[in-house]
Number of protein chains: 2
Amino acid sequence: MSIDQQLKPLREKIDAVDAQILALLNSRAELAQQVGHLKANTNAPVFRPEREAQVLRGVAERNPGPLPSLDIQLIFREIMSACRALERRVTVAYLGPAGTFSEQAVFQQFGHAIVLLPCISIDEVFRTTEAGTADFGVVPVENSSEGAVNRTLDLLLQTSLSISGELSIPVQHSLMTNSGDFAGVTKICAHSQALAQCQAWLNQHYPTIERIAVASNGEAARMASLDPTVAAIAGETAGAQYELQVVHAHIQDDPHNRTRFAVIGNTQCTPSGKDQTSIVLAVPNKAGAVYSLLAPFSQFGVSMTRFESRPARTGTWEYYFYVDVEGHQQDDSVARSLNELKNSAAFFKILGSYPLSN
Amino acid sequence: MSIDQQLKPLREKIDAVDAQILALLNSRAELAQQVGHLKANTNAPVFRPEREAQVLRGVAERNPGPLPSLDIQLIFREIMSACRALERRVTVAYLGPAGTFSEQAVFQQFGHAIVLLPCISIDEVFRTTEAGTADFGVVPVENSSEGAVNRTLDLLLQTSLSISGELSIPVQHSLMTNSGDFAGVTKICAHSQALAQCQAWLNQHYPTIERIAVASNGEAARMASLDPTVAAIAGETAGAQYELQVVHAHIQDDPHNRTRFAVIGNTQCTPSGKDQTSIVLAVPNKAGAVYSLLAPFSQFGVSMTRFESRPARTGTWEYYFYVDVEGHQQDDSVARSLNELKNSAAFFKILGSYPLSN
């Protein structure tokens, strides 16, 4: 019996399962349409990040296998995206052009059944979202090499938008030269953060070659394209712009090196059961002020997951502090600690409460 | 009653549907695993393009809505990708870096549950696939601006690989300058194909501005970055490399302008029911030779969907002809016409029969 004859009964069973899946997808879509009709009467938003986060967590928790939960979540993200699009395709602004890591982040959050609005700057992402041209914006908040984070943090201070989600995607560094060969290289150039992220690898493989920090990995790539004694550390996209050849791929010490993105929009997320709250605050510059300011978190048992200070560029305060805590601002302990903070901080702003990424 | 209370029963129904979908996805995966076990005894390939094409066509044909068939197909592509990955993740080589249109084409064909192998050249895509390091390669065959097509066509002449699929993705051109303003521009530069593709738009909007064809759209972008009297037509990726600003987005006359990609691999596809066959041939350079060569197609009622001549760079023949016809080489009419062609052509090679893209 040929392999195709042996496979035939199995394929017929798969076809039968597919027919059931097809029917259920459309049943789900009809229910989503009914949700849409109810919402239409109340101006409730089409995309509810907390609801989608719950669905994705739910299917992962109940997943018996053999399909891995990550693959199940990817499939359900597209199912929700397609169902949502029957109500209306949400428009998402992001730092373009098409085909960048930002676009990858957009698909990771919203699925593919959306309208893409690539912008030429982070400012424009905020502007188009504030103006309502886009329903959501996706902006980098922690970027290992491109330095975009500062502009995002500045704009978050003033925007009327809330953070409604966060996600991260992998970022990898490669060692590249013009020729693809390392012979003759006397300097390795990169942004200081990229050099730091590849430190152990460099110590092991090229301990004696001089390392030079430059303005950006893109600049390092440009230098390497002009000078055969220079090797650059950069992402392969930057390398390709300058037609560099890869000498060693993926040399960052942490193979899970990632860029974090924030989703911003006019939506305030309600609690999803597993949330995070981002705030910014400032205090007068005196010893111990920050420490005592943060006391309410420990008092109410709220965990800080991120704490970052950033020099203020204008205004009265010398530093702004960006703090992420576990929990939703509607959770009792978070609400009470934020309330105390608010009274003692000189500047205080809640950037948003949103579901922790799955 | 609050909107959330009104939505609750609907959401419970959606959750129940999701639970059924989840169970069916895993039933499907178990069946796919059984297929994998059967195949393992026979060295049959994990990825069968013709089988997946049939599944995608089937769900589209049987789809009652309300979900659009394109969205259904996107979901099923990911379902098949995840199920296939339980057997083994297929490795796909493509023209890197990550985040390019080629990568988008890879996901469009294989879903996300694969191993990506970005290559630095089209030659390397062929080499790694021929060597078996990658199961499949994805290469551009018709590219409106980057000129990659010629190298692909040359390599297809000699490779031992077969074409096992084709797909296309949208490509868009924008008019860009250094300042984002058109004032002071005296020349519009681009690759000749891009100028041609935007001709009607340019005639309407800037009939009096000189148009200059340059080596590539990337070169035009570089020129515009250095000279405020130059505007470039290019994709936004190329524009972003040179920090150009968009004056007018998406000015190509055909809003459906696309780049075509071929999937190459060691697999010979069997008939899927809706296939295409690609061949290359050459004839001695005498009047009427090509016309009479192609007579068998008309004789056996086979439709040509593409016919392209290309000067031979080496060898005996002046031109190679790349021909696509409807149908599979195992179809009677196609087989008989190819057989006649083979006897009368000086050079004849079947590049592959493969499912028409959905």
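**Exercise 1. How many salt bridges does the rule find across the interface of chain B and chain A?**

Before you start, note that this is a predicted model, where local features need pLDDT of at least 70, side-chain atom pairs count only at pLDDT 80 or more, and totals for chains, interfaces and linings use all residues. Residues are numbered from 1 along each chain as its sequence is written, chains are lettered from A and ligands numbered from 1 in the order in which they are written, and side-chain values use heavy atoms, with hydrogens and water left out.

*Solution.*
- Step 1: apply the rule, a side-chain nitrogen of Lys or Arg within 4 Å of a carboxyl oxygen of Asp or Glu.
- Step 2: the rule finds eight salt bridges between chain B and chain A.
- Step 3: look at D18(A) and R28(B), whose side chains form a salt bridge at 2.6 Å, N to O.

**Exercise 2. Describe the interface of chain B and chain A.**

*Solution.*
- Step 1: with contact meaning heavy atoms within 4.5 Å, chain B gives 66 residues and chain A gives 66 residues.
- Step 2: the buried area (accessible area, 1.4 Å probe, lost by two parts on being put together and summed over both) is about 6,100 Å², 71% of it on carbon and sulfur atoms.

**Exercise 3. Work out how α1(A) packs against α2(B).**

*Solution.*
- Step 1: find the helices, which are DSSP runs of H or I with at least four residues (strands are runs of E with at least two), numbered from the N terminus.
- Step 2: α1 (residues 3-40) of chain A and α2 (residues 49-62) of chain B pack at about 35 degrees, their axes 11 Å apart. Axes are lines fitted to C-alpha atoms, for helices over the stretch in contact, and angles run from 0 to 180 degrees between N-to-C directions.
- Step 3: list the contact residues: R11(A), I14(A), D15(A), D18(A), A19(A) and L22(A) on α1(A), facing R51(B), V55(B), V59(B) and R62(B) on α2(B).
- Step 4: sort them by class, which gives five nonpolar, no polar and five charged residues. Ala, Val, Leu, Ile, Met, Phe, Trp, Tyr, Cys and Pro count as nonpolar, Asp, Glu, Lys and Arg as charged, and the others, Gly among them, as polar.

**Exercise 4. Look for unusual backbone geometry.**

*Solution.*
- Step 1: recall that most residues other than glycine have a negative phi, and most peptide bonds are trans.
- Step 2: G65(A) and P66(A) are joined by a cis peptide bond, omega about 10 degrees, and P66(A) sits in the loop between α2 (49-62) and α3 (69-87) of chain A.
- Step 3: in chain B, the bond from G65(B) to P66(B) is cis, with omega near 10 degrees.
- Step 4: H250(A) has a positive phi, near 55 degrees, in the loop between β9 (245-248) and β10 (258-265) of chain A.
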